[in-house]
Amino acid sequence: MKVTLKVWRQKSRNTPGEFKTYESPALNPNMSFLEMLDVVNEELANRGEEPIAFDHDCREGICGTCSLVIDGKPHGPHQGVATCQTYMRSFKNGDEIVVEPFRARAFPLVKDLVVDRKALDRIQHAGGFISVRTGSAPDANNILVPKENADLAMDAAQCIGCGACVAACKNASAMLFVAAKVSHLGLLPQGQPERHRRVKAMVDQMDAEGFGGCTVTGSCEAVCPKEISLDFIARMNRDYAAALIRGEPKPIAGSGAG
Amino acid sequence: MATLNSNIPAGPLAQKWEHHKFSTKLINPANKRKYKIIVVGAGLAGSSAAATLAELGYEVHNFVFHDSPRRAHSVAAQGGINAAKNYQNDGDSVHRLFYDTIKGGDFRAREANVHRLAEVSVNIIDQCAAQGVPFAREYGGLLDNRSFGGAQVSRTFYARGQTGQQLLLGAYSALCRNIANGGVKSHTHAEMLDLVVVDGHAKGIIVRNLQTGEITRHNADAVVLATGGYGNAYNLSTYARGSNATAIWRAYKRGACFGNPCYTQIHPTCIPVSGDYQSKLTLMSESLRNDGRVWVPKKKDDCKRNPADIAESDRDYYLERMYPAFGNLAPRDIASRAAKVVCDEGRGIGETGLGVYLDFADAIKRLGEGKVRERYGNLFAMYHEITNEDAYQTPMRIYPAMHYTMGGLWVDYNLMSNLPGLFVLGEANFSDHGANRLGASALMQGLADGYFVLPATISGYLATQKPDKRPATDNAAFKQAEESVQTITKRLLNNKGSRTPASFHKALGKLIWEHCGMARTKAGLERGIKLIGELREQYWKHVKVAGEAGEWNQSLENAGRVADFMELGELLCRDALHREESCGGHFREEYQYTKNDAEVQQGLVNPGDVKRRDDVFAYVAAWEYAGEGKAPVLNKEPLVYEEVKMSTRSYK
């Protein structure tokens, strides 16, 4: 099979970009989409043209490095998979495929199809953790976690941090990403002491990074490679409201030591 | 010759670590912030080390080539993490985990290191659970376990088929907390391209910013490498595409010894290669062998038939037949070699004949499809995406693939290389797995090194260095190292060749797989070394690198990494050639059991199993760089066993 690619090319953040059209060489339908790009890039390199820059690493759907909006959909045509797990058998011989970067104000472009997603890390720095020093933990079985909670926490925790939810959202909101992290830790007994501080800090940082607000269209859930549920956004909103009402927790009188 | 002192503490095995921690010098809290430590890499070992060192009060700088520390390839580990908790009351103990790991490594690891690993394994689970790692639970809220290859107890903790991801996110969350409070300065898109050695001590690194191409110098009181293994020398592997050996290789060229490079792990259960365009191979977790049964047809003629049409009596469940005590949970090296043997006999399945079945029909009958889906659903889904086949209906097709490297930079008991001030953690060092790693032990080692071992040992070195006295970056050694990096970059970009680095990488991978893969011979290795040498010459004559130095340039990144793999590949073969014995993942066809051996007649091993030569090869081979075009120098660290007797490794 062969396909025609319309690919966004942009030398750097400050130079204008444009779509360029490339004809693929003969492809095997069992190739992954990224392997198809490898083959196209080898051809470009052999012709003396600059290869298309795109992000990728593990190529098994877990590191969250790959991105791409394929025919208008982040991570391509299939549900519940990342771009690296999209195979050419999902396309037809002769198809024209449009390939763009993830676009959002909080994701500045680096080159061609590569964007900078460090804003997601900065949200994590704001509070995406349980404060536990190495060596200070009690025996693991001293903390009992009901299986249902552990399973639900895992559903949220499997977020790969790719940013497809942002790319799909018309407001470029990062609510699904933040909700996944907040819910994962908030569902576990270990996460309770910092629960309200965490949600407040992470949401504030999300806003500061320039991500948009959530209008619950559900496009994030539809493109999420880990199929993380919109329900987690509701869960986070509830925690956020509770955090606002509680305000900053005040120290208990008389509890300070010398 | 390098001086190799393993610094294994004296005293009984079970008390060595306790004693050592007590006798290691400490740094007082007010002085800790005067020491700057560079940690390269942010997988399990790197991020856990960076976070813990910052908690102790050191000034920590963390460098990753990814856009975020959360992307390191530890994230892809599926099955689980071992710990001697004995929560199942099935007879586990620190000593048993120690023994299983020593035996699993075919008696080629250091006793003291492995015992320490087993000791701290229990603390790791506590630490991770407290961080909020969502481990699998039983209905009562307690932690669940499963079993893994090479063990007869259930000691593996897991989070669905994404244990590596969850442990990494736990370590990353600890790192985030320390980045936020200023303890760690995080440098992303920052690739280490050289190690700076001042007066024989590691005192800094040279880094290229992958976004801008800028080259910078960074000084420190100690440098920690946690940059993973070198399996991508084989090109096709289960590693991430970006995984590379540049950091450890350039440290080797600055004087750090490379331990046991020929100890590589070929994992038995990966999705078979389907075509020349392929960029990577995908692992199917070893945990699948808990419920899946491995088989091939007994008759060659049946190989192309639909597996459902092959009668039970015409199937050869070869692992259950050959290793009845461990069956489908035989260790990885043994399971891989057995798959190769049946395929070499012409009984392999699939289009290429390089494949065996992993069949869940019995498990589905016994447990129901729902239970199988709950245990392995994400793996079955992954298999379906790649192969377009439904493993609930028809058996999976699997074949061994390059997966992990037990070899790595040589370190002593303190995880310090022979270059003082250089520490090496996780897969990047050689220390704990001997000649074969057991499943669910890589996560254990990465986190043991980072959370518990290095933070306790590094002060011993720092106490010998005056605070606030590290060399400045205008020191001649920094200048020389930066120039050396610039020279390589210029040479690559100015080469007016005609072939891409990727095409050379493919050729190199094929050469190493063919000559230094699952079965190795003297003649094959000699030929491999010659061909790799020729390919390397071709590389520097004909490689063509697109783009410029001062920009995001994936061709340039890749070109440097491939150049290092070319050199490392040769050392790998050289080590395999010199080790005239078989052990673990290193199988030399000349050294295998035959039906005439007493061990076979006693029923301990099968003909064709690996045959060690403890009288000659019970040592760590630590290779030392001797300069461009010169043969590396072989240093030997004898393996002295005080507790365990090196015996025949039997899984029958």
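A residue counts as buried when its relative accessible area is under 20%, as exposed when that value is over 50%, and as partly exposed in between. Keep that scale in mind as we walk through this predicted model. A good place to try it is a salt bridge in chain B: R470(B), at 21% relative accessibility, is partly exposed, whereas its partner D221(B), at 1%, is buried. The closest N and O atoms of D221(B) and R470(B) are 2.8 Å apart. D221(B) sits in the loop between strand 8 (215-219) and strand 9 (222-225) of chain B, and R470(B) in the loop between helix 12 and helix 13 (476-494), so this salt bridge ties together parts that are 249 residues apart in sequence. Chain B also has a network of salt bridges with shared partners, which joins D106(B), R108(B), D333(B), R579(B), E581(B), R612(B), D614(B) and R649(B).

One member of that network leads us to a buried asparagine. The side chain of D333(B) makes a polar contact with the side chain of N436(B), at 3.2 Å. A second polar contact, at 3.1 Å, links the side chain of N436(B) to that of Q265(B). N436(B) belongs to the loop between strand 17 (422-424) and helix 12 of chain B, and it counts as buried because its relative accessible area is 2%. Setting aside neighbours within four places in sequence, the residues in contact with N436(B) include G104(B), G105(B), P331(B), M406(B) and R649(B).

Now look at T264(B), in strand 11 (residues 264-270) of chain B. T264(B) has 0% relative accessibility, so it counts as buried. Its side chain makes a polar contact of 2.8 Å with the side chain of R520(B). Beyond four places in sequence, T264(B) also touches residues including Y230(B), Y234(B), M402(B), Y404(B) and L572(B).

Helix 16 of chain B makes a nice check on geometry. At 1.5 Å a residue, its 25 residues should span 36 Å, and the end C-alpha atoms are indeed 36 Å apart. Of those 25 residues, 22 are buried, so the helix is mostly covered. At its start, a side-chain oxygen of N553(B) reaches to within 3.1 Å of the backbone nitrogen of S555(B).

Let us move to chain A, which has 8 helices and 7 strands. Its C-alpha trace spans about 75 × 40 × 35 Å along the principal axes, and 57% of its 258 residues are buried. Of the contacts in chain A between residues at least 6 apart in sequence, 70% join residues at least 24 apart.

Helix 1 (residues 33-46) of chain A invites the geometry check again: its 14 residues should span 20 Å at 1.5 Å a residue, and the distance between its end C-alpha atoms, 20 Å, agrees. Among the buried residues of this helix are F33(A), L34(A), M36(A), L37(A), V40(A) and L44(A). Their cover includes strand 1 (4-9), strand 2 (18-23), strand 3 (69-70) and strand 5 (96-100) of chain A. Just after the helix, G48(A) takes a positive phi of about 85°.

Two salt bridges in chain A are worth a visit. In one, the closest N and O atoms of K111(A) and E50(A) are 2.4 Å apart. K111(A) lies in strand 6 (residues 109-111) and E50(A) in the loop between helix 1 and strand 3 of chain A, so the pair ties together parts that are 61 residues apart in sequence. K111(A) is buried, with a relative accessible area of 4%, while E50(A) is partly exposed at 25%. In the other, D204(A) and K200(A) meet at 3.1 Å, N to O. These two are 4 residues apart in helix 6 (residues 195-208) of chain A, which means that about one helical turn separates them.

Finally, how do the chains meet? Here 76 residues of chain B are in contact with 77 residues of chain A. The buried area between them is about 6,100 Å², with 50% from carbon and sulfur atoms. The interface holds 6 salt bridges, including one between E60(A) and K280(B), whose closest N and O atoms are 2.5 Å apart. There are also 45 residue pairs in polar contact between the chains. Several helices of chain B each supply at least two residues to the side that touches chain A, among them helix 3 (44-56), helix 5 (111-131) and helix 16 (554-578). The largest share, 9 residues, comes from helix 6 of chain B. On this side of chain B, 27 residues are nonpolar, 32 polar and 17 charged.

Methods
Residues are numbered from 1 along each chain as its sequence is written. Chains are lettered from A and ligands numbered from 1 in the order in which they are written. This is a predicted model: local features need pLDDT of at least 70, side-chain atom pairs count only at pLDDT 80 or more; totals for chains, interfaces and linings use all residues. Side-chain values use heavy atoms; hydrogens and water are left out. Contact means heavy atoms within 4.5 Å. Buried area is the accessible area (1.4 Å probe) that two parts lose on being put together, summed over both. A salt bridge is a side-chain nitrogen of Lys or Arg within 4 Å of a carboxyl oxygen of Asp or Glu. A polar contact is a pair of N or O atoms within 3.5 Å; within protein, one must be able to donate a hydrogen and the other to accept it, and residues adjacent in sequence count only if both atoms are side-chain atoms. Ala, Val, Leu, Ile, Met, Phe, Trp, Tyr, Cys and Pro count as nonpolar, Asp, Glu, Lys and Arg as charged, and the others, Gly among them, as polar. The expected span of a helix is 1.5 Å times one less than its number of residues. Buried means under 20% relative accessible area, exposed over 50%, partly exposed in between (1.4 Å probe, protein chains only).
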